[in-house]
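Subject: Structure handover

Hello,

Here is the structure I promised to pass on. Please open it and keep it beside this email while you read.

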Amino acid sequence: IIGYIGFSQIKKSEQSNIWVGLAKETAHQFGTPISSLMGWVELLKLNHQDPDKVLDSADEIDNDVAKLHKITNRFSKIGSKPELKRENVYEDIRTVVEYFNRRMPQTGKNVEITLSGSSTVEAMLSTDLFEWVIENLIKNAYDAIDHETGKIDVSITELKNKVEIEVADNGKGVDKKRRKDIFRPGSSTKRR
């Protein structure tokens with residue numbers, strides 16, 4: 001009986017951590033496009049007399065609305081088997097890097113994101129889910145930069161039967177005693 005109660009409590013705790021992790025991930029995912037939309041609306045208000053700037057802002061608003069649609073689509077796929085297709089890894093990452101590079105100047109930090117490596121490498125992947133991973137790595141790298149200027153380097157290396165992707169930043173890093181918790185659901189070093 002004690003073993004069953006203990007096991008039951010562990011299972012409930014794991015489920016609770018998964019829900020907490022999912023809630024945090026939802027806020028994390030929606031945060032970038034929503035704050036970006038608020039910035040584009042402000043730019044529209046400031047530049048309402050300049051048709052070129054209005055069109056540029058409207059295009060970016062359209063991109064952020066498409067991003068919100070993509071996020072809801074990602075969440076709808078949770079729990080189902082991903083559909084894998086042969087995709088160009090570099091192009092998928094470049095799309096994410098360009099999205100962030102366009103929005104970084106509005107954040108107040110001067111962070112440069114660079115992409116290097118093989119531009120022709122392909123892999124079997126789900127573009128939506130793959131971009132989600134890259135977005136999270138870049139956003140976490142950005143959040144880890146605790147000074148006004150920063151650098152995030154994304155590099156792609158093609159090996160025999162695999163593709164290695166490295167995301168490196170000049171942020172504060174992860175405390176050694178917290179590294180074992182990095183991939184645990186709901187785990188975060190952030191206060192919010």
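Start with helix α4. Of its 18 residues, 13 are buried, so α4 is largely enclosed by the rest of the structure. The length of the helix also checks out. At 1.5 Å a residue, α4 should span 26 Å, and its end C-alpha atoms lie 25 Å apart, which agrees. Please bear in mind that this is a predicted model.

One residue to click on in this helix is I134, which lies in α4. Its relative accessibility is 2%, so I134 counts as buried, the cut-off being under 20%. Leaving aside neighbours within four places in sequence, I134 is in contact with I93, V96 and I165. I134 and D92 are 42 residues apart in sequence, yet their C-alpha atoms are 9.2 Å apart in space.

Now the overall layout. The chain holds four helices and five strands. From the N terminus, the order is α-α-β-α-β-β-α-β-β. The chain has 192 residues, and buried ones make up 28% of them. What share of the contacts between residues at least 6 apart in sequence joins residues at least 24 apart? The figure is 77%.

Next, the nonpolar core. The largest one has 23 residues. Those with the most contacts inside this core are V89, I93, I113, I138 and I152. Five elements are worth colouring here: α3, β2 (110–117), β3 (122–125), α4 and β4 (149–158) each give two or more residues to the core. Which element gives the most? That is α3, with seven residues. In general, nonpolar side chains tend to be buried together in soluble globular proteins.

I113 deserves a view of its own. Leaving aside neighbours within four places in sequence, I113 is in contact with V97, F100, N101, M104, I138, I152 and V154. Two of these partners, I138 and I152, are also listed with I113 among the core residues with the most contacts.

Then there is the cavity. A search of the whole structure finds one cavity of 30 Å³ or more. About 70 Å³ of space lies in it. Ten residues line this cavity, and Q29, T32, F100, E135 and K139 lie nearest its centre. Which elements supply at least two residues each to the lining? They are α1 (2–46), α3 (89–103) and α4 (127–144). Of the elements, α1 gives the most, with four residues. The lining is mixed in character: three residues are nonpolar, four are polar and three are charged.

Two acidic residues in helix α2 come next. E60 is found in α2, which covers residues 51–76. Is E60 buried or exposed? At 9% relative accessibility, E60 counts as buried. Not counting residues up to four places away in sequence, E60 touches W40, R102 and R103.

D64 is also placed in helix α2. Its relative accessibility is 0%, so D64 counts as buried. With residues up to four places away set aside, D64 touches P33, S36, L37, W40, Y99 and R103. W40 and R103 therefore appear in the contact lists of both E60 and D64.

Finally, two glycines in strands. G150 has its place in strand β4. Its relative accessible area is 11%, so G150 is buried. Not counting residues up to four places away in sequence, G150 touches N110, V111, E112, I145 and N170. Select G171 as well: the C-alpha atoms of G150 and G171 are separated by 7.3 Å, with the two positions 21 residues apart along the chain count.

G117 lies in strand β2. Is G117 buried or partly exposed? At 48% relative accessibility, G117 counts as partly exposed. Leaving aside neighbours within four places in sequence, G117 is in contact with Y90 and I156. G117 and V154 are 37 residues apart in sequence and 8.5 Å apart in space, C-alpha to C-alpha.

That is the handover.

Best wishes

Terms used: Residues numbered from 1 in each chain as written. Predicted model: local features only at pLDDT ≥ 70, side-chain atom pairs only at ≥ 80, totals over all residues. Heavy atoms only, no water. 1 Å grid on protein atoms, 1.4 Å probe; cavity = no way out; pocket = protein on both sides within 12 Å on 5 of 7 lines; lining within 4 Å. Points joined across faces, edges and corners; volume = space filled by probe spheres on them. Nonpolar A, V, L, I, M, F, W, Y, C, P; charged D, E, K, R; others polar. Buried < 20%, exposed > 50% of the residue type's maximum accessible area, 1.4 Å probe, protein only. Contact = heavy atoms within 4.5 Å. Expected span 1.5 Å × (residues − 1). Core = buried A, V, L, I, M, F, W, Y, C linked by side-chain atoms within 4.5 Å.
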